[in-house]
Amino acid sequence: MPLPAVLSQKPILERDHVLGGRLPTSTDLPKLPYTLQVFKEAMRLYPPVYLIGRQTTHLLELGGYRLPIGTLVVVSPYTMHRKPEYFREPECFNPDRFLPKAEQCLPSHAYIPFSAGARICIGNRLALMEGMLILATLSQRVILQLVHGQHIVPEPLITLRPRNGIKIVIQRR
């Protein structure tokens, strides 16, 4: 999957302007919109839960098929997040997909890294907050670059993770 060696100057300018070298706090999060875009795009490409199972509670017609009560239906956020009709060039890392206006144009439930509806993960807001804080903190201190030439293969266990890990070079900023 193509990942830019250096995303752009946006996160650097945002981070330096807002944080000025200090650790981020929850009150900084609204002032870090690009950090949120980067985190959401990472979650689009690699949602923590790659399959969501639900059981029908009433007779349902789906894609021309009649599903009786009790049928197990499996939805794959991993697959949905790669549908070109929802996300142009779906294999490319592009945080601008989550600019507010662009995100509003997404069909309902096209982006579901934490599931959706009544069974949405109750920790989704905490995960977004933690992810942004960690990303902002790390990006102030280090530069992370993928080791050239590796092929990252997702491994679907209980959660989605990279098979054999990811090799990176860490440099102090």
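This is a chat about helix packing, salt bridges and a few backbone angles in a predicted model.

Reader: Before we start, what should I know about the model and its numbering?
Author: It's a predicted model, where local features need pLDDT of at least 70, side-chain atom pairs count only at pLDDT 80 or more, and totals for chains, interfaces and linings use all residues. Residues are numbered from 1 along each chain as its sequence is written, and side-chain values use heavy atoms, with hydrogens and water left out.

Reader: Cool. At what angle do H2 and H5 pack?
Author: About 110 degrees, with the axes 9 Å apart; H2 is residues 33–45 and H5 is residues 124–141. Helices (H or I, at least four residues) and strands (E, at least two) are DSSP runs, numbered from the N terminus. Axes are lines fitted to C-alpha atoms, for helices over the stretch in contact, and angles run from 0 to 180 degrees between N-to-C directions.

Reader: So what do you call that arrangement of H2 and H5?
Author: That angle makes H2 roughly perpendicular to H5. The cut-offs are under 35 degrees for roughly parallel, over 145 for roughly antiparallel, 65 to 115 for roughly perpendicular, and oblique for the rest.

Reader: Which residues meet there, in H2 and in H5?
Author: From H2 you've got Thr35, Leu36, Val38, Phe39 and Lys40, and they meet Ala127, Leu128, Gly131, Met132, Leu135 and Ala136 in H5. Contact here means heavy atoms within 4.5 Å. By class, the contact of H2 with H5 has eight nonpolar, two polar and one charged residues. Ala, Val, Leu, Ile, Met, Phe, Trp, Tyr, Cys and Pro count as nonpolar, Asp, Glu, Lys and Arg as charged, and the others, Gly among them, as polar.

Reader: Let's zoom in on Phe39. Buried or exposed?
Author: Phe39 has 17% relative accessibility, so it counts as buried. Buried means under 20% relative accessible area, exposed over 50%, and partly exposed in between (1.4 Å probe, protein chains only).

Reader: And what is Phe39 in contact with?
Author: Leaving aside neighbours within four places in sequence, Phe39 is in contact with Ala127, Leu128, Gly131 and Leu135. The C-alpha atoms of Phe39 and Phe98 are separated by 9.5 Å, and the two are 59 residues apart along the chain.

Reader: New topic: how many salt bridges does the structure hold?
Author: There are 10. A salt bridge is a side-chain nitrogen of Lys or Arg within 4 Å of a carboxyl oxygen of Asp or Glu. One of them joins Asp16 and Arg173, at 2.9 Å from N to O. Asp16 lies in helix H1 (residues 10–19) and Arg173 in the segment after strand E8 (168–172), so the pair ties together parts that are 157 residues apart in sequence.

Reader: Why do side chains like that pair up at all?
Author: Side chains of opposite charge can pair when their charged atoms come close.

Reader: Where do Glu41 and Arg44 lie?
Author: Both lie in helix H2, three residues apart, about one turn of the helix. Their side chains meet in a salt bridge (2.8 Å, N to O), and Glu41 and Arg44 are both buried.

Reader: What about Lys31 and Asp28? Which is buried and which is partly exposed?
Author: Asp28 is buried at 1% relative accessibility, while Lys31 is partly exposed at 46%. Their side chains meet in a salt bridge too, at 3.8 Å from N to O.

Reader: Last one: what's the phi of Asn164?
Author: About 65 degrees, a positive value although Asn164 is not a glycine. Asn164 is in the loop between strand E7 (160–163) and E8, and it's exposed, with a relative accessible area of 73%.
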